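Subject: Structure handover

Hi there,

Here is the structure I promised to pass on, with my notes below it. Have a look at it first, and then read on at your leisure.

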Amino acid sequence: MQIVGAWHVDANGAPYVPHQFVFTSDGVVFTTNPTNVQDAGDNPTTDSVGMGVWRRAKRDRDQVIGTFYQLNARQPGKTPAERLRVTFRVRLNRESDRFAGPAWAELEGLGGGPAQLIGRRLEINESDLERF
């Protein structure tokens, strides 16, 4: 089972559900969602690309565990805000093209809550190649 590659991930429980993740072969994970999705309300913030680490779970090799971080800044003024930390455990399906599992997201110093990650591997759209 292989998680290395690019994924569309729905983070159910997050303020903005759709994300993109990249898992590298050396244990690095990157995640992103649209910039400024949190730029509203009484205390608007903006977040960065998420960066972190992943590895296979020791007891269950079909599971992947990891943690990534996003930096936040208050708007306006661009002053630092609480850092977001997300820790996850997902299980790959047999074909390694989907995963799902729980996550815990925490704004450091302010508390956190659960989320559910549901991933689908990104693929080349072969039918588009016929267009040119």
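A small puzzle to begin with: does Arg-83 count as buried, partly exposed or exposed, and at what relative accessibility? Please keep in mind while you look that this is a predicted model. The answer is that Arg-83 counts as partly exposed, because its relative accessibility is 33%, and the cut-offs are under 20% for buried and over 50% for exposed. I will come back to this arginine, but the overall picture should come first.

**The fold**

The protein chain contains 11 strands and one helix. Along the sequence the strands come before the helix, in the pattern β-β-β-β-β-β-β-β-β-β-β-α. Eight of the strands close into a barrel, and their order around it is S1-S2-S3-S5-S6-S9-S10-S11, with antiparallel pairing. From one strand to the next, the twist averages 30°.

For a look at one pairing, take strand S2 (residues 18–23) and strand S3 (residues 28–32): the two run antiparallel and are joined by four bridges. Within this pair, Gln-20 stands opposite Thr-32 in S3. As background, strands of a sheet pair through backbone hydrogen bonds, either parallel or antiparallel.

**Some totals**

The protein chain has 132 residues, and 35% of them are buried. Its accessible surface is about 8,100 Å², with 54% of that belonging to carbon and sulfur atoms. Among the contacts with a separation of 6 or more, 39% are between residues 24 or more positions apart.

**A nonpolar patch**

Val-22, Phe-30, Val-49 and Met-51 make a nonpolar surface patch of about 320 Å². One of these residues, Phe-30, lies in strand S3. Phe-30 counts as partly exposed because its relative accessibility is 34%.

**The salt bridges**

In general, side chains of opposite charge can pair when their charged atoms come close. The structure holds five salt bridges, and here are three that I think you will enjoy.

Back to Arg-83, then: its side chain meets that of Glu-108 in a salt bridge, at 3.0 Å from N to O. This pair links distant parts of the chain, 25 residues apart: Arg-83 is in the loop between strand S8 (79–80) and strand S9 (84–92), while Glu-108 is in the loop between strand S10 (98–107) and strand S11 (111–121). Glu-108 is partly exposed, with a relative accessible area of 26%.

Another salt bridge brings together the side chains of Arg-85 and Glu-106, at 3.7 Å from N to O. Here too the pair links distant parts of the chain, with Arg-85 in strand S9 and Glu-106 in strand S10, 21 residues apart. Arg-85 counts as partly exposed because its relative accessibility is 25%.

Which residue does Glu-108 form a salt bridge with, the closest N and O atoms being 3.0 Å apart? Arg-85 is a partner of Glu-108 at that distance. Since Glu-108 lies in the loop between S10 and S11 and Arg-85 in strand S9, the pair ties together parts that are 23 residues apart in sequence. Through shared partners, salt bridges join Arg-83, Arg-85, Glu-106 and Glu-108 into one network.

Happy exploring, and all the best!

Conventions: Residues numbered from 1 in each chain as written. Predicted model: local features only at pLDDT ≥ 70, side-chain atom pairs only at ≥ 80, totals over all residues. Heavy atoms only, no water. Buried < 20%, exposed > 50% of the residue type's maximum accessible area, 1.4 Å probe, protein only. Contact = heavy atoms within 4.5 Å. Areas by Shrake-Rupley, 256 points an atom, 1.4 Å probe, with all protein chains shown as cover. Pairing = 2+ DSSP bridges. Axes fitted to C-alpha atoms, helices over the stretch in contact; angles between N-to-C directions. Patch = residues over 30% accessible without salt bridge, like charges linked within 9 Å, V, L, I, M, F, W, Y side chains within 5 Å. Salt bridge = Lys/Arg side-chain N within 4 Å of Asp/Glu carboxyl O.
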